[in-house]
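Got your viewer open? Let's take a walk through this one, a stop at a time, with something to select at each.

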Amino acid sequence: MDTFRRLHKSQDADARRAVTAVLTFAFTKAAEKRFSGHPSPEDVIDFVADARARVVGPNGAPTEDAEKVIRGALNEEHLLATMEPRAIAAAQMSMLFAITHENERAPEQVDGLLAWASGEAEAYLRGRAAR
Amino acid sequence: MNVAADHVAAVRALVTGDDDAFDRLASDAEPEWLYAFSSLVTAVFFAGTQFRFVNAESRPDIIRFVARSRIRHGGDEAGFSPSLGEALMGAAVGINPVPSELDEAENSAAQVALLKDLAGELSFQDFELLLATARSELNKMDPQAHAEEEGARQDPAPARASSTLSPRMYWRPSSASKRRVKLRLPGLTFWRDRSETFRPNWIRGVRLPLVADLDLRPRGVLRRARCPQ
């Protein structure tokens with residue numbers, strides 16, 4: 001996380017936008033895979049509590065934000081409407097870390113996820129610039 | 001403040017879900033009565049949290065406890081945020097300062113829900129011990145109330161109400177937690193001018209004091225009495 005913050009600080013606005021896009025694509029994909037089907041709010045509460053207690057630590061993103069970004073990625077986008085972009089990014093980062101560490105996922109799987117997200121983000125940003 | 005036996009009975013009814021008994025005791029109560037009652041709820045909540053969780057190392061356990069409590073009380077419908085639940089419990093065990101600028105309704109919802117779940121993990125004797133300890137601590141602020149309470153000790157104990165306690169597992173101290181024999185109850189001091197703290201905060205006709213209105217500096221350590229088996 002320290003490394004991320006240091007790198008993030010040195011980036012310009014375009015680079016930050018790109019990182020945010022990659023993060024969002026990767027997080028959404030990971031959340032969809034982790035919570036396949038229709039998870040109840042209780043499933044999400046349970047996951048976030050366990051993540052904060054065991055993996056991320058209590059000083060990560062607030063519980064409310066973490067629950068909202070997960071549910072927001074799973075068809076409850078309206079929950080994100082009242083959140084600041086910075087808070088969304090912090091919660092997504094925190095929960096992406098938790099999901100990818102849940103079952104000690106192999107580094108190559110994480111690399112694969114990020115490579116896929118980079119491709120999607122690049123296409124998205126290119127499409128946006130062309131508009 | 002005089003925390004009397006019927007205040008204790010009302011908290012017992014609130015926690016065990018005995019709505020009839022609770023309504024009988026609290027529905028038409030005077031503000032003075034409600035003030036003592038709500039103070040007792042807060043004191044028992046803090047004492048119960050300290051009984052269940054030991055110190056800052058308990059933070060992951062508190063996070064999980066609050067999450068399970070929110071699930072039991074309806075998830076989104078629980079009426080309190082996880083951050084508030086964790087902050088209140090954390091304040092009780094010294095992890096963080098007492099939260100300020102609390103929303104009164106949310107504060108009440110959190111304290112009552114969490115207290116119910118704390119009590120659900122306690123044996124009947126331990127819960128009664130917490131009630132008695134909290135009552136005693138509050139009454140120490142009022143010599144006359146303290147004397148009345150001492151006199152009432154001669155009265156027979158209330159009928160065992162275990163049938164109304166949550167039937168799910170009672171929390172039995174493990175061998176590790178048997179070392180937790182100390183119970184800390186914060187010194188509870190209320191503002192002299194009650195009008196400052198006496199804002200409407202209704203939960204089933206009951207208002208709870210804001211935690212931020214209490215002086216929660218520890219006033220010493222109470223040794224947990226050994227309960228008769």
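Which pattern does chain B follow, read along the sequence? Color chain B by secondary structure and trace it: the pattern is α-α-α-α-α-α-α-α-β-β. That makes eight helices and two strands. Keep in mind that you are looking at a predicted model.

**Stop 1: chain B as a whole**

Stay with chain B and switch on its surface. About 11,000 Å² is exposed, and carbon and sulfur atoms supply 51% of that area. Of the 229 residues in chain B, 51% are buried. Now think about contacts between residues at least 6 apart in the chain B sequence: 80% of them join residues at least 24 apart.

**Stop 2: a helix with two sides**

Select residues 19-26 of chain B, which form helix α2. Show the side chains of B:A21, B:F22 and B:A26, the buried residues of this helix. Turn the view until you look down the axis of α2(B): these buried residues fall within an arc of 105°, so they line one face of the helix. Here is some background: an α-helix has 3.6 residues a turn, so residues three or four places apart point the same way.

What do the buried residues of α2(B) pack against? Add α1 (5-16) and α3 (31-52) of chain B to your selection, and you have the partners. Then look at the other side of α2(B), where B:D20 and B:R24 are exposed.

**Stop 3: the nonpolar cores**

Next, select B:F37, B:L40, B:F45, B:M89 and B:L114. These have the most contacts inside the largest nonpolar core, a set of 50 residues. The elements giving two or more residues to this core are α1, α2, α3, α4 (59-72), α5 (82-92), α6 (104-120) and α7 (124-139) of chain B. The largest share, 13 residues, comes from α3(B).

Zoom in on B:L40. Setting aside neighbors within four places in sequence, B:L40 is in contact with B:V3, B:H7, B:V8, B:V11, B:L131, B:A134, B:R135 and B:L138. Now hop over to chain A: a second, separate core has 26 residues, including A:F27, A:L74, A:A91 and A:L96.

**Stop 4: salt bridges**

How many salt bridges does a search of the whole structure find? There are 11 over all chains, and we'll visit a few.

Begin with A:R34 and A:E102, whose closest N and O atoms are 2.5 Å apart. This pair links distant parts of the chain, 68 residues apart: A:R34 is in helix α2 (residues 13-34) of chain A, and A:E102 is in helix α5 (residues 85-102) of chain A. A:R34 is partly exposed, with a relative accessible area of 30%, and A:E102 is partly exposed too, at 21%.

Now pick B:R64 and A:D50, which meet in a salt bridge at 3.1 Å, N to O. The pair crosses between chains, from helix α4 of chain B to helix α3 (residues 41-56) of chain A. Add A:R54 to your selection: A:D50, A:R54 and B:R64 are linked in a network of salt bridges.

Last, select A:E67 and B:R70, another salt bridge, with 2.7 Å from N to O. This pair also crosses between chains, from helix α4 (residues 63-73) of chain A to helix α4 of chain B. Are these two buried or exposed? A:E67 is buried, with a relative accessible area of 7%, and B:R70 counts as buried at 4%.

Key. Residues are numbered from 1 along each chain as its sequence is written. Chains are lettered from A and ligands numbered from 1 in the order in which they are written. This is a predicted model: local features need pLDDT of at least 70, side-chain atom pairs count only at pLDDT 80 or more; totals for chains, interfaces and linings use all residues. Side-chain values use heavy atoms; hydrogens and water are left out. Buried means under 20% relative accessible area, exposed over 50%, partly exposed in between (1.4 Å probe, protein chains only). Helices (H or I, at least four residues) and strands (E, at least two) are DSSP runs, numbered from the N terminus. The arc is that of the directions from the helix axis to the C-beta atoms. Contact means heavy atoms within 4.5 Å. A nonpolar core is a set of buried Ala, Val, Leu, Ile, Met, Phe, Trp, Tyr and Cys residues joined through side-chain atoms within 4.5 Å. A salt bridge is a side-chain nitrogen of Lys or Arg within 4 Å of a carboxyl oxygen of Asp or Glu. Accessible areas come from the Shrake-Rupley method with a 1.4 Å probe; for residues, only the protein chains shown count as cover.
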